[in-house]
Amino acid sequence: TLGMENGDFKINIIQELIDDSHQELKLTVELNNSIVKLFSDGIDKTEFFLSTNKGEAPKPLADVASGGEISRIMLAIKSVIAKSDSIKLMVFDEIDIGISGRIAQRVGQMMKKLAEHKQIIAITHLPQIAAFGDNNFRVLKIEQNGKTYIQAENLDYKNKIYEIARLISGENITEAAIIGAEQLTEEALKYGSTIN
């Protein structure tokens with residue numbers, strides 16, 4: 001769904017075995033006739049492995065994944081566990097790094113689906129994701145008297161279209177960008193709850 005058609009994702013869960021020379025460790029657990037180290041959050045060490053290319057063996061996610069791939073994997077995991085965790089609010093700060101076009105639209109769709117179970121706040125520079133928002137805000141940094149202030153403006157539908165068009169075409173907003181923004185927004189309305 002998120003543009004990794006040949007992706008292979010594996011989770012490696014291991015325990016750190018303790019030999020007799022480490023008997024000074026006080027936090028240990030016996031498991032299957034072995035002594036394992038006890039960490040503050042349990043006995044398991046977990047590592048994610050990923051391959052995004054067909055025929056390539058999965059390697060540690062931290063070593064091989066791009067920023068965009070890490071963002072999409074995190075979104076996929078959050079989407080899978082959304083119904084069972086107790087977190088009510090999720091903030092995605094520029095989850096759009098390293099993606100564009102078709103994949104950005106898929107990320108927007110998945111975030112919209114996730115919004116059925118969570119309050120979602122997304123900071124984005126991509127029109128494909130911004131189009132999915134129920135409530136869109138334009139955030140500006142303003143320098144005044146040697147200080148920086150943040151100004152946030154809740155956008156009505158007309159200004160939402162204008163800002164999405166600005167994301168499409170830059171400062172010189174064209175009629176084609178306005179039409180494109182309207183089409184993106186209308187397409188996004190076809191999916192249930194939306195994001196902020």
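This is a short tour of the structure, stop by stop, with a selection to make at each one. Keep in mind that the model is predicted.

**The whole chain**

Start with the full protein chain in cartoon view, where 6 helices and 9 strands can be picked out. Turn the C-alpha trace along its principal axes and you will find that it spans about 75 × 50 × 30 Å. How does the radius of gyration compare with that of a compact globule of 196 residues? The chain has 22 Å, while such a globule would be near 16 Å.

Next, colour by burial: 30% of the 196 residues are buried. If you can display contacts, take those between residues at least 6 apart in sequence; 59% of them join residues at least 24 apart.

**Helix 2**

Now select residues 67-81, which form helix 2. Its 15 residues reach 21 Å from the first C-alpha to the last, close to the 21 Å expected at 1.5 Å a residue.

Show side chains for G68, E69, S71, R72, I73 and L75, which are buried in this helix. What covers them? Add these elements to your view, since the cover includes each of them:

- strand 1 (8-15) and strand 4 (44-51)
- helix 1 (61-64) and helix 3 (101-114)
- strand 6 (89-93)

**The second largest pocket**

Stay with helix 2 and look for the second largest pocket, to whose lining this helix gives the largest share, 5 residues. Strand 1 also supplies at least two lining residues. To centre the view, select L2, M4, R72, I73 and A76, the closest to the pocket's centre of the 15 residues that line it. Two of these names should be familiar: R72 and I73 are among the buried residues of helix 2.

The space here is about 240 Å³. Coloured by class, the lining shows 9 nonpolar, 3 polar and 3 charged residues.

**The largest pocket**

For the last stop, move to the largest pocket, with a volume of about 620 Å³. Of its 23 lining residues, A122, T124, F137, R138 and V139 are the closest to the centre, so to speak your landing point.

Then bring up the elements that give two or more residues to this lining:

- strand 7 (119-123) and strand 8 (136-144)
- helix 4 (127-130) and helix 5 (157-169)

Which classes of residue would you see on the walls? The lining divides into 12 nonpolar, 6 polar and 5 charged residues.

Key
Residues are numbered from 1 along each chain as its sequence is written. This is a predicted model: local features need pLDDT of at least 70, side-chain atom pairs count only at pLDDT 80 or more; totals for chains, interfaces and linings use all residues. Side-chain values use heavy atoms; hydrogens and water are left out. Helices (H or I, at least four residues) and strands (E, at least two) are DSSP runs, numbered from the N terminus. The expected span of a helix is 1.5 Å times one less than its number of residues. Buried means under 20% relative accessible area, exposed over 50%, partly exposed in between (1.4 Å probe, protein chains only). Contact means heavy atoms within 4.5 Å. On a 1 Å grid over the protein atoms alone, a cavity is a set of points where a 1.4 Å probe fits but cannot get out, and a pocket is an open set with protein on both sides within 12 Å along at least five of seven lines; lining residues have an atom within 4 Å of a point. Grid points are joined across faces, edges and corners, and a volume is the space filled by probe spheres set on the points. Ala, Val, Leu, Ile, Met, Phe, Trp, Tyr, Cys and Pro count as nonpolar, Asp, Glu, Lys and Arg as charged, and the others, Gly among them, as polar. The radius of gyration is taken over C-alpha atoms; the globule rule is 2.2 Å times the number of residues to the power 0.38.
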